[in-house]
Amino acid sequence: MRALIAIALLALSFHSFADTYDELYETAGWTEQRANFKDALLAAQQRYKNTLPPAVYQALVTNSNRRFAVDAIDHRAKQALRQHLDDPQPALTFFQSPLGHKVVAAETLAGRREQLARYENGIPRIEAGSNRQLLIRHLAQALPAAEAGAEVSLALAGVAADSLSQMIPGLLGGNQAQGLLDSQRERMQQQVESDLDNTLLFIYRNLSDAELEEFVEFARSDAGQAYYQAALEALRAGLAVGLSGEELQAQHGA
């Protein structure tokens with residue numbers, strides 16, 4: 001009898017933990033940012049329309065719509081979040097707080113289509129006092145912002161390459177493709193890092209110095225670092241960066 005009770009309690013605990021991951025995914029703004037990515041994907045598809053042969057362009061649209069289907073992104077990202085984040089509760093507690101809601105709102109706004117279009121030629125320079133500049137520098141060191149920006153860019157850029165590879169098998173060998181991916185990732189990270197402090201000053205401009213300091217404390221904490229490193233892995237998995245269409249199909253079949 002005791003064993004049955006223990007098994008039942010463990011099952012309930014596991015179910016509750018799984019729900020916590022789903023709740024964290026929603027509360028931390030993943031759903032909204034996924035919608036922002038879909039808008040960016042549509043814009044990227046339109047840019048390719050006049051530069052690619054019709055057959056290649058149609059393959060690009062078909063492949064990218066399949067690769068970045070809502071359910072597919074959510075499934076891969078949530079699976080990676082569960083795999084890389086041992087305890088989701090501390091991060092969920094932060095993002096459920098008033099400050100957490102404010103942070104998510106700021107990040108979601110920055111990624112919206114109209115905001116990206118408005119500042120496509122660069123965001124304005126933000127003036128800040130020495131204390132706020134120091135807080136932003138600490139935040140830039142704590143958040144994997146440059147890495148995340150590179151992954152999003154690689155996901156968008158990789159769609160065309162994947163479509164070409166499917167139409168012309170062997171166009172890019174595995175080692176060659178991985179080498180190009182790594183070099184592009186490093187270049188894109190350097191590009192983001194070159195103006196990262198001003199970017200973060202802009203994104204979190206509506207946070208007070210006290211709120212920014214509290215955010216920095218969370219981001220630098222063990223719980224914050226665990227979440228953001230897991231979030232980077234979840235982002236990479238959700239966008240299937242570096243995976244070919246064949247590899248995605250193999251994963252799905254598995």
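A residue counts as buried when its relative accessible area is under 20%. By that yardstick F215, at 0% relative accessibility, is buried. The model looked at here is a predicted one, and F215 turns out to be a handy way into it, but the overall picture comes first.

The protein is built from 14 helices and 0 strands, so in the sense of DSSP runs there is nothing but α in its pattern from start to end. Of its 254 residues, 38% count as buried. The accessible surface comes to about 14,200 Å², and carbon and sulfur atoms account for 55% of that. As for how the chain meets itself, take the contacts between residues at least 6 apart in sequence: 86% of these join residues at least 24 apart.

Next comes the inside. In soluble globular proteins, nonpolar side chains tend to be buried together. Here the largest nonpolar core has 60 residues, and L24, W30, F95, L139, Y204, F215 and Y227 are those with the most contacts inside it. Helix α13 (residues 222–238) supplies the largest share of this core, with 6 residues. L24 shows what such a position is like: leaving aside neighbours within four places in sequence, L24 is in contact with W30, L81, L85, P88, A91, L92, F95 and Y227. Three of the names in that set, W30, F95 and Y227, are also on the list of core residues with the most contacts.

Aromatic rings come up again and again. The count comes to 11 aromatic pairs. In one of them, Y25 and W30 have ring centres 5.4 Å apart and planes at 15°; planes under 30 degrees apart count as stacked, so this pair is stacked. Both partners are out of the way of solvent in the sense used here: Y25 is buried at 1% relative accessibility, and W30 is buried too, with a relative accessible area of 14%.

Y204 and F215 meet in another manner, as an edge-to-face pair with 5.3 Å from centre to centre and 70° between the planes. Y204 sits in the loop between α11 (196–203) and α12 (209–220), while F215 belongs to helix α12, so the pair ties together parts that are 11 residues apart in sequence. Like F215, which is buried at 0%, Y204 is buried, at 3% relative accessibility. The two also belong to a cluster in which ring pairs link F94, F95, Y204, F215, F218, Y227 and Y228. A charged side chain joins a ring elsewhere: R205 lies over the face of F202, 4.0 Å from the ring centre.

Some individual helices round off the picture. Helix α6 (residues 98–110) has 13 residues, which at 1.5 Å a residue should span 18 Å; its end C-alpha atoms are 19 Å apart, so the two values agree. Buried positions in α6 are L99, G100, V103, V104, A106 and T108. Helix α7 (residues 113–118) holds Q115, a residue that counts as buried at 13% relative accessibility. Not counting residues up to four places away in sequence, Q115 touches L109 and A110. Another glutamine, Q190, is found in helix α10 (residues 174–193). With a relative accessible area of 46%, Q190 is partly exposed. The C-alpha atoms of Q190 and A150 are separated by 9.0 Å, although their positions lie 40 residues apart along the chain when counted as a separation in sequence.

How values were computed. Residues numbered from 1 in each chain as written. Predicted model: local features only at pLDDT ≥ 70, side-chain atom pairs only at ≥ 80, totals over all residues. Heavy atoms only, no water. Helix = DSSP H or I, 4+ residues; strand = E, 2+ residues; numbered from the N terminus. Expected span 1.5 Å × (residues − 1). Buried < 20%, exposed > 50% of the residue type's maximum accessible area, 1.4 Å probe, protein only. Phe/Tyr/Trp six-rings, centres within 6.5 Å; stacked < 30°, edge-to-face > 60°. Lys NZ or Arg CZ within 6 Å of the ring centre and 35° of its normal. Contact = heavy atoms within 4.5 Å. Areas by Shrake-Rupley, 256 points an atom, 1.4 Å probe, with all protein chains shown as cover. Core = buried A, V, L, I, M, F, W, Y, C linked by side-chain atoms within 4.5 Å.
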